[in-house]
Amino acid sequence: MDDFARAVEAALFASEEPLTPAELRAHVGDGGDLPATLAGLAQDYAGRGVNLVERGGRWHFQTAADLAHILRREREETRKLSRAAMETLAIIAYHEPVSRAEIEAIRGVQVAKGTLDVLMEAGWVRPVGRREVPGRPLIYATSVEFLSHFGLSSRRDLPGLDDLRAAGLLDPVDLALEGLGGQSVLEKDEEEA
């Protein structure tokens with residue numbers, strides 16, 4: 001194998017993405033016949049565990065189709081939590097143990113069944129029993145996985161109101177309500193009238 005073919009092979013092997021012939025030329029220069037070199041490398045790699053293939057005008061190495069099952073891995077897909085799930089998680093973290101009705105009272109809207117399911121599936125929330133009231137609703141708390149994922153040693157490490165304010169994470173509406181001393185805007189208007 002000549003130096004040009006070795007350079008093409010190295011460039012393809014090291015690339016994170018398939019390369020067009022123009023991109024290959026930018027890496028290896030004009031020192032040889034690129035189409036012939038690519039065809040020769042593809043033939044050399046045919047029948048091996050890794051094949052050089054061309055797809056849509058781009059060249060790359062891929063695992064031989066008959067060996068793909070050996071390299072298959074299970075990979076967890078990270079899903080971004082919805083705003084409702086983040087709010088529910090925060091309520092559970094700061095008020096645990098808490099029931100669905102208490103979460104709904106704090107949020108002011110109904111909690112979708114899927115929201116708690118997503119949090120439990122992630123391993124961050126777990127049912128910890130039932131509240132001793134009529135209907136005996138389930139109560140939820142955070143788990144060790146929650147602490148581990150967010151880098152907390154205990155719930156006492158959760159940021160406080162001053163920390164959240166300093167980080168600029170409080171909603172302007174929250175700050176306005178805090179300035180009213182917890183009164184609603186309507187109550188404040190009635191006092192001023």
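This dialogue reads one helix and one sheet of a predicted model.

Mentor: The model is predicted, with local features needing pLDDT of at least 70 and side-chain atom pairs counting only at pLDDT 80 or more, while totals for chains, interfaces and linings use all residues. Residues are numbered from 1 along each chain as its sequence is written, and side-chain values use heavy atoms, with hydrogens and water left out.

Trainee: Which residues of α3 are buried?

Mentor: An α-helix has 3.6 residues a turn, so residues three or four places apart point the same way. Helices (H or I, at least four residues) and strands (E, at least two) are DSSP runs, numbered from the N terminus. In α3, the buried residues (under 20% relative accessible area, 1.4 Å probe, protein chains only) are Leu-34, Thr-37, Leu-38, Leu-41 and Tyr-45. They fall within an arc of 100°, taken from the directions from the helix axis to the C-beta atoms, so they line one face of the helix. Pro-35 and Gln-43, exposed (over 50%), lie on the face turned away.

Trainee: What covers the buried residues of α3?

Mentor: The cover includes α1 (3-14), α2 (21-28), β1 (50-55) and β2 (58-63).

Trainee: In what order do the three strands form the open sheet?

Mentor: Strands of a sheet pair through backbone hydrogen bonds, either parallel or antiparallel. Here the order is β3-β5-β4, with antiparallel pairing (at least two DSSP bridges between two strands). β3 (98-99) and β4 (125-130) each have a single partner strand, so one side of each is left without a neighbour in the sheet. Two bridges join β3 to β5 (residues 138-142), and Ser-99 has Ile-139 as its bridge partner in β5.

Notes: Contact = heavy atoms within 4.5 Å.
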